[in-house]
Amino acid sequence: MFETLLDVRRDVSERLSEAARDRKSAMHVPTVITSDVDARVMVLRAFDGDAWTLRFHTDTRAPKVAVIENDPRMGVLLYDKAAKVQLRLRGIGTILREDPVTDAAWESSDNFARRCYLGQGPGALSDNATTGLPPEFEGPEPSDEDLIPARPNFAVLRIEVTSVDWLYLAYTGHMRAQFERAGGDWVSRWVSP
C-alpha cells in the first residue's frame, strides 16, 4: 500500500485536500495547537498542495490571534480512525486580516456563517449561557447590511506546513514516515513507529 516515501507524501496531500473539501471527512476538523500549548478543534477550509498551506477561519478578537502573532509556531493533529492514519503537522501560522485570500473567504461564506463575527468576541464573559450572538440573530439570517460591522472581526489563519509526521496503524505492524521542508524541497525518511 505505502511502498515509497513518495507514496506516503502523496497520501498526505490527498488526505488534506479531501479533508478541506469534504465536511464528512474524518480529518475535516483537526486539532490546532498554538505555541502556548492551547488546543482547539477548527474546520479545515482549504489546503494548497503546491504551497503546503492550510487555511482556517478565525475571529480577530480570539485570544489565539495574539498568541500566533507573538509566536507563530503551530501544530495540527488529524486522525482518520477508519483508515488508521494519523498526521501530525508543524508549521508557521499567519493571521490574514485585509488580504485577497481573506476577502475571498468572506465572500464565499454564507450569511449564517458570517453572523458568528457579529457578536461578542470569543471568551467574552457572560452571566448566563450564551451564543454570543446579538439576540436578533439567534435564528434569523442577517442581511448583507447587518453584517458590515462583522467583517473587521473575520480573519484567515494560514499555516505553512514545515514538517509532517505520518503514522499508519496496521495489525501487521505500524509504519511511520517524516517529512521536513528544506528550502523548496522536502527531506523524507522512514522512522520506527
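**Notebook: helix H2, the overall fold and a charged patch**

I began with helix H2 (residues 63-70), where I looked up which residues are buried, and I noted Lys-64, Val-65 and Ile-68. These three cover an arc of only 105 degrees around the axis, so I could place them on the same side of H2. I set beside this the general rule that an α-helix has 3.6 residues a turn, so that residues three or four places apart point the same way. I then turned to the other side of H2, where I found Pro-63, Ala-66 and Asn-70 exposed.

I should record here that the model I am reading is a predicted one.

Next I looked up the fold as a whole, and I noted that the secondary structure of the protein comes to 4 helices and 9 strands. Reading along the sequence, I wrote down their pattern as α-β-β-β-β-α-β-β-α-α-β-β-β. For the dimensions, I noted that the C-alpha trace spans about 55 × 35 × 30 Å along its principal axes. I also looked up burial for the protein, and entered that 43% of its 193 residues are buried.

My last entry concerns charge on the surface, where Glu-136, Glu-138, Glu-145 and Asp-146 gather in a patch of negative charge. I followed up one of them, Glu-145, and located it in the loop between helix H4 (111-114) and strand S7 (154-168). Is Glu-145 buried or exposed? I found a relative accessible area of 62% for Glu-145, and because exposed means over 50%, I entered Glu-145 as exposed.

Methods. Residues are numbered from 1 along each chain as its sequence is written. This is a predicted model: local features need pLDDT of at least 70, side-chain atom pairs count only at pLDDT 80 or more; totals for chains, interfaces and linings use all residues. Side-chain values use heavy atoms; hydrogens and water are left out. Patches are made of residues with over 30% relative accessible area and no salt bridge: like charges are joined within 9 Å, nonpolar side chains (Val, Leu, Ile, Met, Phe, Trp, Tyr) within 5 Å. Accessible areas come from the Shrake-Rupley method with a 1.4 Å probe; for residues, only the protein chains shown count as cover. A salt bridge is a side-chain nitrogen of Lys or Arg within 4 Å of a carboxyl oxygen of Asp or Glu. Lys and Arg count as positive and Asp and Glu as negative; His and the chain ends are not counted. The place of a charge is taken as NZ of Lys, CZ of Arg, CG of Asp or CD of Glu. Helices (H or I, at least four residues) and strands (E, at least two) are DSSP runs, numbered from the N terminus. Buried means under 20% relative accessible area, exposed over 50%, partly exposed in between (1.4 Å probe, protein chains only). The arc is that of the directions from the helix axis to the C-beta atoms.
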